[in-house]
Amino acid sequence: MEEVDRQTMAASPWKAAGEDGLPVMVWKQVWPVVKERVLSLSQLSLDTGELPHQWRLAKVIPLKKAEKPDYAKAKAWRSISLLSTLGKILESVIAERLSYLVETMGLLPTNHFGGRSAEQALMLLQEQIYKAWRSRRVLSLVSFDLKGAYNGVHRERLAQRLQARGVPDTLVRWAESFCSDRTASISVVHTHFGNCCLKIFSQSCFV
(Lines give C-alpha, C1' and ligand atoms only; values in the text may rest on other atoms or scores of the structure.)
Protein backbone atom coordinates (compact mmCIF):
# COMPACT_ATOMS: atom_id res chain seq x y z
CA MET A 1 0.00 0.00 0.00
CA GLU A 2 2.88 2.35 0.81
CA GLU A 3 4.24 2.07 -2.74
CA VAL A 4 0.91 2.63 -4.48
CA ASP A 5 -0.05 5.44 -2.10
CA ARG A 6 3.28 7.24 -2.59
CA GLN A 7 3.14 7.11 -6.38
CA THR A 8 -0.48 8.26 -6.45
CA MET A 9 0.18 11.27 -4.24
CA ALA A 10 3.37 12.16 -6.13
CA ALA A 11 1.73 12.08 -9.58
CA SER A 12 0.82 15.35 -11.29
CA PRO A 13 -2.89 15.91 -10.49
CA TRP A 14 -3.93 17.28 -13.87
CA LYS A 15 -1.70 15.29 -16.16
CA ALA A 16 -3.60 14.45 -19.35
CA ALA A 17 -5.64 11.28 -19.02
CA GLY A 18 -6.07 8.38 -21.42
CA GLU A 19 -9.23 6.97 -23.00
CA ASP A 20 -11.02 6.75 -19.64
CA GLY A 21 -10.70 10.52 -19.18
CA LEU A 22 -9.77 10.21 -15.49
CA PRO A 23 -6.90 12.47 -14.37
CA VAL A 24 -4.88 11.66 -11.26
CA MET A 25 -6.84 14.29 -9.34
CA VAL A 26 -9.89 12.01 -9.46
CA TRP A 27 -7.96 9.21 -7.77
CA LYS A 28 -6.55 11.59 -5.19
CA GLN A 29 -10.02 12.80 -4.30
CA VAL A 30 -11.53 9.33 -3.89
CA TRP A 31 -8.37 7.64 -2.62
CA PRO A 32 -9.59 6.82 0.92
CA VAL A 33 -12.52 4.91 -0.60
CA VAL A 34 -10.80 3.12 -3.49
CA LYS A 35 -7.22 2.59 -2.35
CA GLU A 36 -7.77 -0.98 -1.11
CA ARG A 37 -9.34 -1.98 -4.43
CA VAL A 38 -6.58 -0.27 -6.39
CA LEU A 39 -4.01 -2.14 -4.31
CA SER A 40 -5.79 -5.46 -4.94
CA LEU A 41 -5.95 -4.78 -8.68
CA SER A 42 -2.28 -3.78 -8.79
CA GLN A 43 -1.21 -6.82 -6.78
CA LEU A 44 -3.24 -9.13 -9.03
CA SER A 45 -1.61 -7.60 -12.09
CA LEU A 46 1.85 -8.18 -10.62
CA ASP A 47 1.09 -11.71 -9.37
CA THR A 48 -0.32 -12.88 -12.70
CA GLY A 49 2.14 -10.92 -14.84
CA GLU A 50 -0.76 -9.48 -16.81
CA LEU A 51 -1.44 -5.81 -17.50
CA PRO A 52 -5.16 -5.04 -18.08
CA HIS A 53 -5.94 -4.31 -21.72
CA GLN A 54 -7.42 -0.90 -20.80
CA TRP A 55 -4.03 0.12 -19.41
CA ARG A 56 -2.34 -0.82 -22.69
CA LEU A 57 -4.65 1.35 -24.80
CA ALA A 58 -3.11 4.70 -25.74
CA LYS A 59 -4.94 7.80 -26.94
CA VAL A 60 -2.64 9.41 -29.49
CA ILE A 61 -2.94 13.19 -29.89
CA PRO A 62 -1.06 15.03 -32.69
CA LEU A 63 0.34 18.42 -31.62
CA LYS A 64 1.72 21.20 -33.79
CA LYS A 65 5.45 21.86 -33.58
CA ALA A 66 6.25 25.51 -32.99
CA GLU A 67 6.82 27.87 -35.93
CA LYS A 68 6.63 25.38 -38.77
CA PRO A 69 5.98 26.89 -42.23
CA ASP A 70 3.59 24.21 -43.49
CA TYR A 71 1.31 22.29 -41.14
CA ALA A 72 0.01 20.21 -44.04
CA LYS A 73 3.23 18.20 -43.74
CA ALA A 74 3.35 15.35 -41.25
CA LYS A 75 6.79 16.33 -39.93
CA ALA A 76 5.34 19.62 -38.68
CA TRP A 77 3.46 17.63 -36.05
CA ARG A 78 4.50 15.43 -33.14
CA SER A 79 2.31 12.88 -31.43
CA ILE A 80 1.92 12.14 -27.75
CA SER A 81 0.43 8.98 -26.27
CA LEU A 82 -1.91 9.33 -23.31
CA LEU A 83 -2.42 6.28 -21.09
CA SER A 84 -4.71 5.42 -18.20
CA THR A 85 -3.51 7.27 -15.11
CA LEU A 86 -4.25 4.27 -12.93
CA GLY A 87 -1.99 2.14 -15.10
CA LYS A 88 0.68 4.83 -14.94
CA ILE A 89 0.63 4.64 -11.15
CA LEU A 90 1.38 0.91 -11.22
CA GLU A 91 3.99 1.52 -13.91
CA SER A 92 5.71 3.99 -11.55
CA VAL A 93 5.70 1.40 -8.75
CA ILE A 94 7.33 -1.22 -11.00
CA ALA A 95 9.86 1.31 -12.32
CA GLU A 96 10.82 2.22 -8.76
CA ARG A 97 11.30 -1.43 -7.84
CA LEU A 98 13.45 -2.09 -10.90
CA SER A 99 15.52 1.05 -10.28
CA TYR A 100 16.15 -0.02 -6.69
CA LEU A 101 17.14 -3.52 -7.82
CA VAL A 102 19.49 -2.18 -10.49
CA GLU A 103 21.21 0.24 -8.11
CA THR A 104 21.57 -2.05 -5.11
CA MET A 105 22.66 -5.11 -7.07
CA GLY A 106 24.91 -3.23 -9.50
CA LEU A 107 23.20 -4.64 -12.58
CA LEU A 108 24.37 -1.86 -14.91
CA PRO A 109 27.90 -0.79 -15.84
CA THR A 110 29.20 2.21 -13.88
CA ASN A 111 29.40 4.28 -17.06
CA HIS A 112 25.75 3.67 -17.94
CA PHE A 113 23.68 6.79 -17.31
CA GLY A 114 20.27 5.88 -18.67
CA GLY A 115 17.74 6.93 -16.04
CA ARG A 116 20.39 8.79 -14.04
CA SER A 117 20.96 12.53 -13.84
CA ALA A 118 22.77 14.48 -16.54
CA GLU A 119 24.85 16.07 -13.77
CA GLN A 120 26.43 12.69 -12.94
CA ALA A 121 27.38 12.13 -16.56
CA LEU A 122 28.89 15.61 -16.87
CA MET A 123 30.87 15.19 -13.65
CA LEU A 124 32.34 11.92 -14.93
CA LEU A 125 33.18 13.55 -18.27
CA GLN A 126 34.84 16.48 -16.49
CA GLU A 127 36.88 14.10 -14.35
CA GLN A 128 38.11 12.21 -17.42
CA ILE A 129 39.06 15.47 -19.15
CA TYR A 130 41.12 16.67 -16.19
CA LYS A 131 42.76 13.27 -15.88
CA ALA A 132 43.77 13.37 -19.55
CA TRP A 133 45.13 16.92 -19.22
CA ARG A 134 47.23 15.99 -16.19
CA SER A 135 48.73 13.11 -18.17
CA ARG A 136 49.26 15.37 -21.22
CA ARG A 137 47.03 13.15 -23.27
CA VAL A 138 44.24 13.87 -25.75
CA LEU A 139 40.69 12.89 -24.84
CA SER A 140 38.17 12.23 -27.61
CA LEU A 141 34.42 12.12 -27.14
CA VAL A 142 32.07 10.30 -29.50
CA SER A 143 28.32 10.75 -29.05
CA PHE A 144 25.42 8.91 -30.64
CA ASP A 145 21.84 10.12 -30.97
CA LEU A 146 19.69 7.00 -30.57
CA LYS A 147 16.11 7.70 -31.60
CA GLY A 148 13.16 5.49 -30.78
CA ALA A 149 15.17 3.11 -28.61
CA TYR A 150 12.27 2.39 -26.26
CA ASN A 151 9.72 2.25 -29.07
CA GLY A 152 11.77 -0.40 -30.83
CA VAL A 153 12.61 -2.61 -27.85
CA HIS A 154 12.72 -6.34 -28.63
CA ARG A 155 10.33 -7.91 -26.11
CA GLU A 156 11.85 -11.40 -26.02
CA ARG A 157 15.41 -10.07 -25.80
CA LEU A 158 14.38 -7.71 -22.98
CA ALA A 159 12.94 -10.63 -21.01
CA GLN A 160 16.14 -12.65 -21.55
CA ARG A 161 18.29 -9.76 -20.31
CA LEU A 162 16.14 -9.24 -17.23
CA GLN A 163 16.23 -12.94 -16.36
CA ALA A 164 20.00 -13.11 -16.89
CA ARG A 165 20.43 -10.30 -14.37
CA GLY A 166 18.37 -12.05 -11.72
CA VAL A 167 15.23 -9.92 -11.95
CA PRO A 168 12.33 -11.81 -10.28
CA ASP A 169 10.12 -13.80 -12.67
CA THR A 170 7.02 -11.84 -11.64
CA LEU A 171 8.60 -8.59 -12.82
CA VAL A 172 9.86 -10.21 -16.02
CA ARG A 173 6.39 -11.53 -16.88
CA TRP A 174 4.86 -8.13 -16.10
CA ALA A 175 7.40 -6.36 -18.33
CA GLU A 176 6.59 -8.76 -21.18
CA SER A 177 2.89 -8.06 -20.77
CA PHE A 178 3.60 -4.32 -20.64
CA CYS A 179 5.28 -4.56 -24.08
CA SER A 180 2.66 -6.86 -25.65
CA ASP A 181 -0.61 -6.29 -27.54
CA ARG A 182 -0.68 -2.53 -27.13
CA THR A 183 -3.34 -0.61 -29.05
CA ALA A 184 -3.85 3.06 -29.87
CA SER A 185 -6.66 5.32 -30.99
CA ILE A 186 -5.69 8.43 -32.96
CA SER A 187 -7.71 11.63 -32.58
CA VAL A 188 -7.38 14.42 -35.16
CA VAL A 189 -8.94 17.87 -34.76
CA HIS A 190 -9.64 19.99 -37.88
CA THR A 191 -10.47 23.72 -37.94
CA HIS A 192 -11.68 25.74 -40.95
CA PHE A 193 -13.27 29.12 -41.81
CA GLY A 194 -12.64 30.42 -38.33
CA ASN A 195 -15.10 27.95 -36.82
CA CYS A 196 -14.05 24.85 -35.00
CA CYS A 197 -15.16 21.68 -36.69
CA LEU A 198 -14.31 18.58 -34.70
CA LYS A 199 -13.51 15.44 -36.58
CA ILE A 200 -12.41 12.33 -34.73
CA PHE A 201 -10.59 9.51 -36.46
CA SER A 202 -9.90 6.40 -34.44
CA GLN A 203 -7.79 3.48 -35.49
CA SER A 204 -6.46 0.57 -33.48
CA CYS A 205 -3.00 -0.77 -34.08
CA PHE A 206 -1.42 -3.81 -32.48
CA VAL A 207 2.24 -3.74 -31.49
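The following exercises, with solutions, concern the aromatic rings and the overall fold of a predicted model.

**Exercise 1.** Determine how the elements of the protein chain are ordered from the N terminus on.

*Solution.* Begin with the inventory: the protein chain holds six helices and five strands. Next, read them in order from the N terminus, which gives α-α-β-β-α-α-α-α-β-β-β. Finally, consider the contacts between residues at least 6 apart in sequence: 54% of them join residues at least 24 apart.

**Exercise 2.** Classify the aromatic pair of Y71 and W77 by its geometry, and state whether each residue is buried or exposed.

*Solution.* The chain has three aromatic pairs in total. In the pair of Y71 and W77, the ring centres lie 6.1 Å apart and the planes meet at 80°. Because planes over 60 degrees apart count as edge-to-face, the pair of Y71 and W77 is edge-to-face. As for exposure, Y71 has a relative accessible area of 28% and W77 one of 27%. Both values fall between the limits of 20% and 50%, so each residue is partly exposed. In addition, K64 lies over the face of Y71, 4.9 Å from the ring centre.

**Exercise 3.** Carry out the same analysis for W174 and F178.

*Solution.* First locate the residues: both belong to helix 6 (residues 169–178), four residues apart, or about one turn of the helix. Their ring centres are separated by 5.5 Å, with 20° between the planes, and the pair is stacked. W174, at 4% relative accessibility, is buried, whereas F178, at 22%, is partly exposed. Lastly, the charged end of R182 sits over the ring of F178, 4.6 Å from its centre.

Conventions: Residues numbered from 1 in each chain as written. Predicted model: local features only at pLDDT ≥ 70, side-chain atom pairs only at ≥ 80, totals over all residues. Heavy atoms only, no water. Helix = DSSP H or I, 4+ residues; strand = E, 2+ residues; numbered from the N terminus. Contact = heavy atoms within 4.5 Å. Phe/Tyr/Trp six-rings, centres within 6.5 Å; stacked < 30°, edge-to-face > 60°. Buried < 20%, exposed > 50% of the residue type's maximum accessible area, 1.4 Å probe, protein only. Lys NZ or Arg CZ within 6 Å of the ring centre and 35° of its normal.
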